Structures are given as C-alpha cells and as structure tokens.
Amino acid sequence: MGNNLITSGKPSQRRERRFFERLSCSYAQHHNKIDLQMNPLLALARSLATTPTMPPPLTPEKLDADKESQRAPIELLPNEMWLEIMSYLSYNDLQQLRMVSWRCRELVSRRRFMEKGKVIVTQHNLEAIHKHVKGGNSYLSFERIELRNLHQCRQLENFLKLVGAEVRHLQIRHAPVFRNLDGKMPNLKVLTIATTSSMDDQQMRAMDGLNMKQFSHLVGLECDGVSLDSSLKLLMLLQLRRAENKVHLRSLQFEYRRNNETALLDVLRDHADTLQSVDIFFSCSPGIETRDWCQAFESMDNLRTLKLSGNCHLMLLDAVIRAVPESAPMRQLDLTGMLSLTNELLLYIAGKWQHTLKVLDLMFCVQLNSSCIDALRQLSGQLQVLTMAYCRELTGVGLVQGLAQHMNYALQELHLEEVCFIDESSMCELLERLPNLQRLSLDNCRQAVTDLTMSAICRYQTRLRNLNIDYCVKITDQGLMGFGATPYPISRLKGLRELNLRGCRNLTDRSLKHALKLPELRALSLGYCSRFQPAGFEAITHNCPSLEALCVSSCMAVDDDTVRNIVVNLKRLRILNLSNCSKLTLQSIHHILRHGHNLVELIACSIDGLDSEQAEKILERQRPQMKQVLL
C-alpha cells in the first residue's frame with residue numbers, strides 16, 4: 001500500500017486524522033514557512049478531527065435502495081437481454097462467463113446454451129469420466145456426447161449403462177462400438193455416425209450391425225461413415241421402414257448406392273409426412289428412371305432443408321426439385337457439386353421458393369454463368385446465405401445486378417471462392433450495398449481483392465465476424481493499415497472472430513505490428529506468408545490476445561523462440577499449426593508441453609529438423625489428452 005491512505009479499498013479515517021493532526025501541529029510551529037496553499041488541507045483536517053455526528057439509522061428500504069444503486073449497469077439488464085447477448089458467445093466463452101456470478105451460472109445452464117457443448121469420450125479420458133460419474137456427484141450433462149477413437153470394451157459398456165438414459169444426441173467417430181450401445185440409450189433422438197470403420201482395429205474382426213429398432217424415440221439419423229460396410233448401411237435402412245419401426249424421422253442424411261436404392265426410397269416414402277431435412281450424397285450415378293423418386297418427394301409437405309450432392313444427373317435433379325411441393329417451407333437448398341445444374345433450373349427454384357428460401361449453396365455448379373442474374377434478383381432481399389464458390393463463369397457486373405442492384409440488408413454470408421472474373425470496381429460496389437455481411441469468403445479472387453477492396457471492406461463491412469482472403473496476393477500492408485486519402489484500417493472490424501490471410505505473400509511485419517490490433521479475434525491463419533519475421537509474430541501475441549487457433553505453416557522464419565512466445569502469451573490457444581516450419585526442433589515440443597496448457601490440437605507435419613517419432617512419444621507420455629496430433 002505504501003503511503004496510500006486507502007486500506008483494502010476503504011478509507012482509513014484514523015490514519016487520515018493522525019496525519020492531519022501532525023500537519024496542524026507542524027503548521028502551528030512553522031506557520032511562516034508553510035505555503036498558503038495548505039489552507040484547504042487544514043480545513044479538511046479540522047473537519048476530520050471533530051467528532052463526526054452519527055448518521056440516522058438506515059431503514060430496510062434505504063438499504064435496498066443503496067444496494068441497487070451500487071450495482072453495475074449491466075446487472076440491471078433483464079434476463080431476456082442477457083440471453084440475447086449470450087447467444088453471440090461461443091461455448092468456451094460461455095464456460096468462462098458461468099464463473100462470473102451465480103446469476104451467470106444459472107443463465108448459462110439453460111438448455112439453449114447447453115446444446116452448444118457436448119462431452120467427448122476418448123480412450124484417454126474414458127476411465128476418468130467413468131470414475132467421476134460413478135462417484136455420484138457429476139456436474140456434467142450427458143445429453144450430447146461423442147464417442148471418439150474407441151473400441152468395444154467392458155468399461156465403455158459400464159459407462160454407457162450409467163449415462164445412457166440421459167443421452168439424446170450421440171455422435172460416433174472412429175469408434176466401431178455398436179455392440180456396446182445395445183439397450184443402453186432408450187431416449188436417443190439423434191444418431192450421427194461419422195468416418196467409422198466396420199472393423200475393430202484392436203481385435204481385427206468385423207463389428208456387429210447396429211440394431212435401429214431399439215431407438216424408439218429416434219427423430220434424426222446422419223450416416224456419413226464412408227468406410228462403413230455397405231451391407232451394414234443397408235441393414236440400418238431396412239430397420240427404419242415403417243413396417244419394421246414406429247419411429248417418425250424428421251432428419252435423414254445417407255449415402256446413395258445402387259444396392260440400397262430400393263430401401264432408401266422406401267424410407268423416404270414412409271417418413272415423407274414428417275421429414276423436415278433430407279441430405280443424400282450420390283456416390284454413384286442413379287438410373288434414368290425417376291418415377292419412384294418423384295413419389296418419395298411429392299408428399300414432403302414439411303421439408304425445410306434439402307441437400308443433394310455428388311454424382312447426380314440433371315434428369316433426376318430436375319425431377320426431385322419439381323416433385324417437392326411448392327407449399328413446402330423450403331429454407332435451405334444445398335446443391336453442392338451438382339455439375340449439371342442449369343440456369344433455367346435455378347430460375348425455376350427461385351420462382352418456386354422465392355418467399356421462403358434463406359440459404360442457397362451452389363458450390364461447384366460450374367454451368368452457371370451471368371444468365372443466372374434473374375434467379376438471383378428474384379431471391380435478393382430474402383437470401384441470408386449464398387455460396388457460389390468455384391462458379392467461375394460468373395462476373396462482377398452480374399453479381400451486382402443480381403444481388404445488389406439496390407441496398408440489400410438481408411444477405412449475411414457470401415462465399416465467392418475461386419470466382420476469377422470479378423473486377424475490383426464491381427467488388428467495391430457489391431461491398432457497399434451489402435452492409436450486413438457477417439461472413440465473407442473471397443479466396444483466390446486475385447483480380448477483385450486489392451488494397452482498394454480492403455479499404456471498402458473496412459469501411460462498409462463493420463459487422464464482419466469471418467473474413468477469408470486466401471491467396472489474394474495484391475493486398476499489401478497499406479490495405480490492412482488504411483489505404484487512400486481517408487484510411488480505413490482493419491482494426492475497425494471490432495467484431496471480427498476469424499481472419500484468413502493464407503498465401504498473402506506481400507504482407508510484412510508492419511501489418512502484424514500496426515494493423516492487426518483485433519483483441520476479439522479467435523482464429524488467424526498466416527500460412528505461406530513468407531515475409532513475416534519473429535518480431536511480427538510476437539506482436540500478434542499482444543495485439544490478438546484472445547486467439548484460440550493460429551496457423552503459421554510454411555512461415556520459414558518461425559523458430560523455437562517464436563513458438564515459445566506464442567504459447568506463453570496466447571493463454572487461450574487451443575489449435576496450433578506449425579507444418580513446414582523448417583527451423584523447429586524438439587525444443588518447440590518442450591515449450592508447448594510447458595506453456596501450452598490449453599492446447600488440444602497440434603499439427604506439425606513436414607519439419608525436417610524435428611524427430612517426429614520422438615516428438616510423438618513425448619506428447620503421448622506427457623499430454624495424452626490432446627485430441628489430435630499430426631507430426
């Protein structure tokens with residue numbers, strides 16, 4: 001405290017009185033030497049020396065009023081406004097917020113926020129979680145869990161017996177544990193099977209199929225297990241038919257194969273009255289007969305989301321689109337990879353769901369060109385998300401005429417990766433007329449994205465949360481620091497959460513030191529930016545302290561000291577990509593183990609000076625809980 005007159009945040013009147021009494025005596029002895037400016041202090045000393053009068057007793061009403069006046073303004077907000085603010089926070093931010101106060105803890109514990117997170121069970125934490133639950137005082141919610149990198153075992157079976165009745169959403173990833181699930185999850189509603197093999201790598205034998213009949217409350221099935229045996233997939237479909245099962249599916253994601261076409265169509269027909277989301281990936285081209293497909297889709301009056309991707313010919317695509325009832329409240333249409341989609345069919349789609357469609361994904365629809373302007377114009381003002389990546393025949397003038405002939409306040413996400421024929425002036429005009437964008441992807445739009453374009457982004461797109469400008473090589477430091485007579489630096493984008501500058505090779509340390517001052521930034525990619533030096537990377541750790549994911553792959557100046565500065569200063573860092581940083585040694589691994597306490601994913605491939613086998617052994621021994629390590 002030193003000579004401060006404040007003790008533990010409260011004034012000490014005794015020390016003040018003693019000080020001013022001493023000051024009064026000194027003034028009485030040496031009044032000719034004391035400056036006249038001490039008079040105000042003497043007046044204060046005399047007022048403190050006198051015995052203070054006791055204040056009147058406080059009534060309960062007065063106490064409550066004083067308490068209310070001392071509360072911070074944000075605490076006076078009603079719960080409805082708190083919940084709206086919290087809806088913008090990530091899961092990790094919510095977990096930090098819940099430790100602020102009892103009120104925050106109660107709000108974060110509400111169902112709408114608990115659904116943002118899930119419990120991930122792996123071979124490294126299975127024993128600890130099982131022991132925790134078995135103790136009977138678990139604070140974890142097992143409504144949403146993921147089984148990752150597991151194999152069938154007795155401990156997993158016992159764990160699922162304890163928590164299975166609580167599980168509503170289950171994701172299985174790299175975990176052929178179907179036998180352990182039998183009879184454990186009577187209340188399961190959504191099942192997701194992702195990249196799971198049909199073989200148990202531990203015992204090298206085929207796994208039993210999954211009995212779908214046990215999930216009587218199932219409303220959603222997502223099966224994208226590309227390595228899952230086709231016979232097991234067929235068996236799952238057969239068990240979902242109404243003749244075999246009484247479930248009412250609302251969501252179905254499945255892979256089309258010729259051997260499961262009949263069963264898939266039966267399931268679509270049986271659940272047509274309840275299905276709200278259908279996602280089909282065509283791994284092979286179906287036959288030219290479309291009648292059965294039309295019958296399956298023409299009864300889907302509640303369909304809200306339709307995703308068709310893969311090897312689907314135009315005849316079937318056209319038949320399915322026309323079969324879906326016009327009265328269906330279609331909000332999301334994903335036609336990724338539909339090489340056969342024509343401008344005429346897109347115009348039909350726009351006219352059919354002009355008032356309901358909010359999300360449209362046309363990635364790799366390479367036949368689309370400037371003739372699709374009329375379709376975009378019909379949807380303008382309604383669409384909130386548009387993806388036209390790799391539609392390389394599009395032009396900037398066409399996009400302006402289709403999306404932004406007037407101010408468009410509805411569009412919130414725009415993805416134009418690899419659209420090469422957009423010019424600079426059209427892009428600036430587009431940015432000015434789309435003021436509410438939150439996500440913008442312009443990867444490899446080399447002609448469109450320049451320093452002038454960056455100035456337009458920083459001037460008009462202040463709501464951006466995600467910006468991707470990979471390999472836009474015309475951007476220089478001036479574009480990020482502020483270009484032109486009236487500079488608009490990237491630091492104006494206060495709400496930016498993710499920034500991708502991969503391959504922007506003309507950027508230097510000036511950008512990292514003076515432009516990227518983004519305290520709320522969560523993810524940053526600087527890969528293949530060869531002109532950055534260690535001093536610039538150190539500046540980033542101070543300018544962007546909230547980073548949770550950082551990629552510096554192929555940045556040749558990154559050395560062991562740079563890695564140490566990164567993991568020491570970025571306390572929240574969870575994902576780090578160091579691939580192809582040739583100066584790194586095992587010392588970087590030791591820095592990560594010593595200081596990177598929150599790191600859960602490390603990618604460090606193609607590093608000649610790093611002994612990958614030894615590094616992997618060190619990490620497995622000292623940090624087995626890391627979710628992913630690629631060396």
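Let's start in the interior of this predicted model. Its largest nonpolar core has 167 residues, and the members that touch the most others are Leu191, Leu268, Trp293, Phe297, Leu306 and Met388. Trp293 is a good place to pause. Setting aside neighbours within four places in sequence, its contacts are Tyr256, Glu261, Leu264, Leu265, Leu268, Ile280, Phe282, Leu316 and Val320. One of these partners, Leu268, is itself on the list of core residues touching the most other members. Another core lies apart from the largest one; this one has 9 residues, including Trp82, Leu83, Leu94 and Leu97.

Now step back to the chain as a whole. Its 631 residues are 46% buried, and its secondary structure comprises 25 helices and 24 strands. If you look at contacts with a separation of 6 or more, 75% of them join residues 24 or more positions apart. On the outside, the protein chain exposes about 31,300 Å², with 50% of that supplied by carbon and sulfur atoms.

Finally, let's visit one pair of helices. Helix α18 spans residues 424-433 and helix α19 spans residues 451-460; their axes are 9 Å apart and meet at an angle of about 5°. Angles under 35 degrees count as roughly parallel, and so α18 and α19 are roughly parallel to each other. On the α18 side, the contact is made by Glu424, Met427, Cys428, Leu431 and Glu432, while α19 brings Leu452, Thr453, Ala456, Ile457 and Tyr460. What is the character of the residues in this contact? They divide into 7 nonpolar, 1 polar and 2 charged.

How values were computed. Residues numbered from 1 in each chain as written. Predicted model: local features only at pLDDT ≥ 70, side-chain atom pairs only at ≥ 80, totals over all residues. Heavy atoms only, no water. Axes fitted to C-alpha atoms, helices over the stretch in contact; angles between N-to-C directions. Helix = DSSP H or I, 4+ residues; strand = E, 2+ residues; numbered from the N terminus. Parallel < 35°, antiparallel > 145°, perpendicular 65-115°, else oblique. Contact = heavy atoms within 4.5 Å. Nonpolar A, V, L, I, M, F, W, Y, C, P; charged D, E, K, R; others polar. Core = buried A, V, L, I, M, F, W, Y, C linked by side-chain atoms within 4.5 Å. Buried < 20%, exposed > 50% of the residue type's maximum accessible area, 1.4 Å probe, protein only. Areas by Shrake-Rupley, 256 points an atom, 1.4 Å probe, with all protein chains shown as cover.
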